[in-house]
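User: Please take a close look at one exposed nonpolar part of this model, then set it beside the internal spaces. Keep it brisk.

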Amino acid sequence: MASSWFPRWQKKSAMTENGLIAPDETLPLGQTLVLGLQHAVAMFGATVLMPLLMGLDPNLAILVSGIGTLLFFFITGGRVPSYLGSSAAFVGVVIAVTGFNGQGLNTNLSLALGGVIACGALYTLIGFVVMKVGTGWIERLMPPVVTGAVVMAIGLNLAPIAVHSVSASMFDSWMAVMTVLCIGLVAVFTRGMAQRLLILIGLIVAWALYALLTNGLGFGKPVDFSALNNAAWFGLPHTTAPVFNMQAIVLIAPVAIILVAENLGHLKAVAGMTGRNLDPWMGRAFVGDGLATMLSGAMGGSGVTTYAENIGVMTVTKVYSTLAFVAAALIALLLGFSPKFGALIHTIPGPVIGGASIVVFGLIAVAGARIWVQNHVDFSQNGNLIMVATTLVLGAGDFALKMGSFTLGGIGTATFGAILLNVILQRRGAALANTATRSQL
C-alpha cells in the first residue's frame, strides 16, 4: 500500500513511451475535461435508461452517480480509474418488489430503496472483509459458473416485463421492433465512440422516428413537449425516503453478489491494461461502491456499479488517469441539477423505452454466457450442468417460495439456489473424485 492516501499525479503533455497515461498521471486541464466529457457520455446511456426502466428520476440518478464517483475516488485514494453508474442488476428486483409497470415514476419506490441500502451495506461489509483477508473466499463461493448463471437468470426474468410493456397496441409493438432495429444497426454499422454508445444513439434515432410517425403523420400517441417547455434550467431533483421492508431487503440485498463480480472483473481488466497491480485496492473499491450504493438508495436512486463502457473509452484513448473521472463526475453533477434535462429524458416514448429494454435485458442474459465463455466453464461436469439448468428455470419462470408471510421471488430463488447448489454439488463431486483417486492408488 502507498504511504500517502492520494498519489502525486504527474502532468504529461503527451502520451508516454509505452503509449498510455497511467492512473497516477494526468493530462493538462483542458484535455482532462474533454476526457471527462467522453466518460460522462459513455455512462449516460445506461445511467439514464436503467432508472427509467425502474421508474426513478433520471435527474437524481445522474446526480447520485456523480456524487458516488467522487466518493469512490476518495475512498480508493484516487488510484482506481472508474465511474459509478446505475447498475442493471437492480432492475429486476426493483420491479419485482414495487410492481412497476414501466411507465412514469415508480409510486412504490420507497419499498425498494430500503433493499438498495441493505445491498450497499452488505457490499460494504464484503469490502471490509476483503481488505482483511483478500478475495480468495469470494472466488471460491462465487466462481464464474455461479455468477454467470445468476446474471443470465436476471436477464431472463426481465424478458416478460419488456415484452408486456410494448404490447398495448400494434403500433407500440412495431415501434419497439423499430427501436431494436435502430440499436442493432448502430451496433453493427458504426465504429469507435458511436458503437460504444449504441444504446443511446439507437434510442435517439428511434425517438426521432417515433416523433415523425406520431407528431408528423398522426400515428399513435404524439410526443408531449409541454413539460420540457415549462421545466426550469436549474433546480433540485426529486428525492424519495426509503422504507425498510424485510421481504424487499432479502430480495434486493443479494444483488451485492453481482456487484462484487462486476467490480472484481473491472479491476482485473484495468490492471491488465495498465500493468498495475490493483489487488491492494480491491477492498477499498468494494467499500467505495457499497457506500455509494447506500447513499444513492437513501436519496431515492438505484444501486451503482463500475462501468464497462468507461473501460472502452480508456482502451481507445489509452488514458487511465483517475482525474478524468473526477471531471466526469462534476459534469454529471451539473446535469443532475437541471430539471430541463430530466424533462427532456421523460419525453422518450414508452414504446421506444420498451424496445430498448428488450435489447438491454437480452444483453444482461448474454453477459452471463460471456462470463462462462471467458472463464472456460466446463459444462461436461454434471454439477455445473445441473446448477445452471436449475438456476435459469427458477429465474425465467419467476419461481417463488413462500415462508409464512414472506415470499422469495424468482431472482432471489435463482441467486440463493445457484450458490447453495454449487456448494453442495461441487463438494460432493470433489469428494467422489478424491475417493476414485485413492482407489486407484
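Analyst:
**The patch around M178**

M178 is partly exposed, with a relative accessible area of 30%. The model is predicted, so this value describes a prediction. M178 belongs to helix α7, which covers residues 170-189. On the surface, M178 joins L181, L185, V188 and F189 in a nonpolar patch. The patch measures about 480 Å².

**The second largest pocket**

Now to the open space. The second largest pocket holds about 680 Å³. Its lining has 30 residues, and G104, H346, T347, I348 and P349 are the closest to its centre. Three elements give two or more residues each to this lining: α10 (226-230), α16 (339-346) and α17 (350-374). Helix α16 has the largest share, with four residues. The lining is mixed in class: 16 residues are nonpolar, 10 are polar and four are charged.

**The second largest cavity**

Next, the enclosed space. Two cavities reach 30 Å³ or more. The second largest cavity has a volume of about 30 Å³. V93, V150, I154, L251, P254, V255, I258, I411 and T415 line this cavity. At least two of the lining residues come from each of α6 (144-164), α12 (255-274) and α19 (410-440). By class, eight residues of the cavity lining are nonpolar and one is polar. No charged residue takes part in the cavity lining, whereas the pocket lining has four.

Notes:
Residues are numbered from 1 along each chain as its sequence is written. This is a predicted model: local features need pLDDT of at least 70, side-chain atom pairs count only at pLDDT 80 or more; totals for chains, interfaces and linings use all residues. Side-chain values use heavy atoms; hydrogens and water are left out. On a 1 Å grid over the protein atoms alone, a cavity is a set of points where a 1.4 Å probe fits but cannot get out, and a pocket is an open set with protein on both sides within 12 Å along at least five of seven lines; lining residues have an atom within 4 Å of a point. Grid points are joined across faces, edges and corners, and a volume is the space filled by probe spheres set on the points. Ala, Val, Leu, Ile, Met, Phe, Trp, Tyr, Cys and Pro count as nonpolar, Asp, Glu, Lys and Arg as charged, and the others, Gly among them, as polar. Patches are made of residues with over 30% relative accessible area and no salt bridge: like charges are joined within 9 Å, nonpolar side chains (Val, Leu, Ile, Met, Phe, Trp, Tyr) within 5 Å. Accessible areas come from the Shrake-Rupley method with a 1.4 Å probe; for residues, only the protein chains shown count as cover. A salt bridge is a side-chain nitrogen of Lys or Arg within 4 Å of a carboxyl oxygen of Asp or Glu. Buried means under 20% relative accessible area, exposed over 50%, partly exposed in between (1.4 Å probe, protein chains only).
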